[in-house]
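Please read the following briefing alongside the sequence and the coordinates. The notes are grouped by topic, beginning with a single side chain and ending with the relation between the copies.

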2 protein chains.
Amino acid sequence: MLLVSDIGEQGLLQRLQRFCPADLIGDDAALLTVPAGQQLVVTTDVLVDGVHFSDRTTPPHAVGWRAAAANLSDLAAMGATPIGLTIGLGLPQTATVEWVEQVYRGLSDCLAPHQAAIVGGDLVKSPVPTLSITALGMAKPEQVIRRAAAQVGWAIVSTGSHGGSRAGLELLLKPELGQELSTGDRQALIQLHQYPQPRLDVLPHLFAAVAEPIAGMDSSDGLADAVLQLCRASGVGAQIERSRIPMPPAFQRWQRPNSQSHPAPLDWALDWALYGGEDFQLVLGLPLAAAAKFIERIGGGAAMIGVTTADPAVWLVDSSGVIPPQELHLDQGFQHF
Amino acid sequence: MLLVSDIGEQGLLQRLQRFCPADLIGDDAALLTVPAGQQLVVTTDVLVDGVHFSDRTTPPHAVGWRAAAANLSDLAAMGATPIGLTIGLGLPQTATVEWVEQVYRGLSDCLAPHQAAIVGGDLVKSPVPTLSITALGMAKPEQVIRRAAAQVGWAIVSTGSHGGSRAGLELLLKPELGQELSTGDRQALIQLHQYPQPRLDVLPHLFAAVAEPIAGMDSSDGLADAVLQLCRASGVGAQIERSRIPMPPAFQRWQRPNSQSHPAPLDWALDWALYGGEDFQLVLGLPLAAAAKFIERIGGGAAMIGVTTADPAVWLVDSSGVIPPQELHLDQGFQHF
């Protein structure tokens, strides 16, 4: 097994430069063009081995893919088109060259359909494998999506299903779970965890369907967090209808007993959908008619999950009246420390 | 001592947002403007505790300063004006809030004179404190400095002295060294290590003095590395005159015996100047007349240290004829693995 220490920094750099456009290599920094009339959009994510990924659940190709996808999702959440990203890679000397190349291949494979490239980086020694990614995008000022733009009486829209990434992670960590699922269902959920799709594809439909300034963010920290952050930034509240939250079809065929860690009637599926995170959908605030038009255009698992309210609280409601309303709070979400 | 785990991610974010412009906070990404006619310049650096800095030699304020300075130096090496930088910060839960705030203060203090700001970031849990910085700048296409632009018969110019950063580090690691130095000399060398100045200040003088495309890079990995990389990228060689390499004045008052680790006649001062690194000067290739004009304009420790040659080798020469020429090679420089 060829180790990073066998070929040294220069040897590794030479191999990794194959993943970068030739004209960007060789100077102290990369030169890029932001077209006139567009704003630069910049976002940063750091992923640490043992904290954000592990060999148990994420092969190196998926580590690279997920890192790129998380950053492209942040760009999508701003309404931006990707330009490229930089990678700061910290590696122990015992890392294998194969591992590093697979990470870069995963990054490249995720970027390629979006005409974005790896435009620069840094390679350093670190006791813990660490990926630091900064993604650069561009957006027309009038199309920038912001958290604070939602108004009272608007629809809250999810561009797709929630809970699948967390379900896939559970299946990877505890293979004894979900024995009643078909191989196809299991693979579909694991795919949602390892190879999430940043929702850049919905942007043209969004701009075509909506004339007003668009409110939105991505659901990287969970659907509940996204709704709560959007509402807080916009100074509104919301009523989210439990039955309208889109979840992966496999959930209907999974006979898991309810979790004991949350008081009933929050079942495991709703728990994962609200708090699992890393589904990388967009959660948008849109005028009602525009929302309907947008959902019709994109189809798939997209759904209107609720409406914004003047009351600043965010409620999870059951319109059939069986389950009493529950208020959602930010501190139920994922905190990094 | 308040720990990061005491106040959590949201608490820490709130404290750190004081260091960022208010209009950039709260969305998934930062929005910036690159003026029409300018290109975007992007550079990334990762710094790991125990590899690139340590409490023994670098208080947290200096950790932040040096991290910002290294990135601003990369921008200067491209002829670019800074816009801002993003910070990905990996922290153990046992990190103190004071340490993190001091790092941010150091970053801010280094950025402030250059009208650049912290424009975004990410805060994650990591067993090893890690700083990942991506700096964004802008440059007019006709003023971009590139490694590959040097021509035969041009001057090689250093914008200032070399070896001081390494000398300061030695004094911090081995306080018994340099007893014959005055307190002022010691402090000056330690300052060169802890608070290097990115040479953005020389750019207006450079553009005023030189009409041709400018060749250059920074000397973050040592003066020898900079000369060798510049020559290799430009397809030229060089003769560097030993006596013309500018070094800190304190070196003349330091009675250190020659190092045993290099064959004579490479003495310790020349060794540090060539291979010490992190002096963050610019090493430029300029037509002779333009070089003279530029050096006169900026003064200080700037010097013409040699000339480029058609022979692709890089030689260290002694024009007094006492010491035989020595050829410099890339593998003598610093490698990260």
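In this predicted model, S165(A) has a relative accessibility of 2%, and because buried means under 20% relative accessible area, this residue counts as buried. The points below place S165(A) in its surroundings, then turn to a residue of chain B and to the pairing of the chains.

**Surroundings of S165(A)**
- S165(A) belongs to helix 4 of chain A, which covers residues 164-173.
- When neighbours within four places in sequence are left aside, S165(A) is in contact with R66(A), with L192(A) and H193(A), and with G277(A), E278(A) and D279(A).

**L286(B) in chain B**
- L286(B) lies in strand 9 of chain B, made up of residues 282-286, and it is buried, with a relative accessible area of 0%.
- Not counting residues up to four places away in sequence, L286(B) touches W154(B), A155(B), V157(B), L206(B), V210(B), I214(B), A291(B) and F294(B).
- Q229(B) is 57 residues from L286(B) along the chain, and the C-alpha atoms of the two are separated by 15 Å.

**Relation of the two chains**
- A turn of 180° with a shift of 0.0 Å along the axis lays chain A on chain B with an RMSD of 0.0 Å, which is the relation of a two-fold axis.
- The C-alpha of A36(A) is the one nearest this axis in chain A, at 2.7 Å from it.
- Of the interface residues of chain A, 98% are also interface residues in chain B, so the copies meet through the same surface.

Methods: Residues numbered from 1 in each chain as written. Chains lettered and ligands numbered in written order. Predicted model: local features only at pLDDT ≥ 70, side-chain atom pairs only at ≥ 80, totals over all residues. Heavy atoms only, no water. Least-squares fit on C-alpha atoms with pLDDT ≥ 70 in both. Contact = heavy atoms within 4.5 Å. Helix = DSSP H or I, 4+ residues; strand = E, 2+ residues; numbered from the N terminus. Buried < 20%, exposed > 50% of the residue type's maximum accessible area, 1.4 Å probe, protein only.
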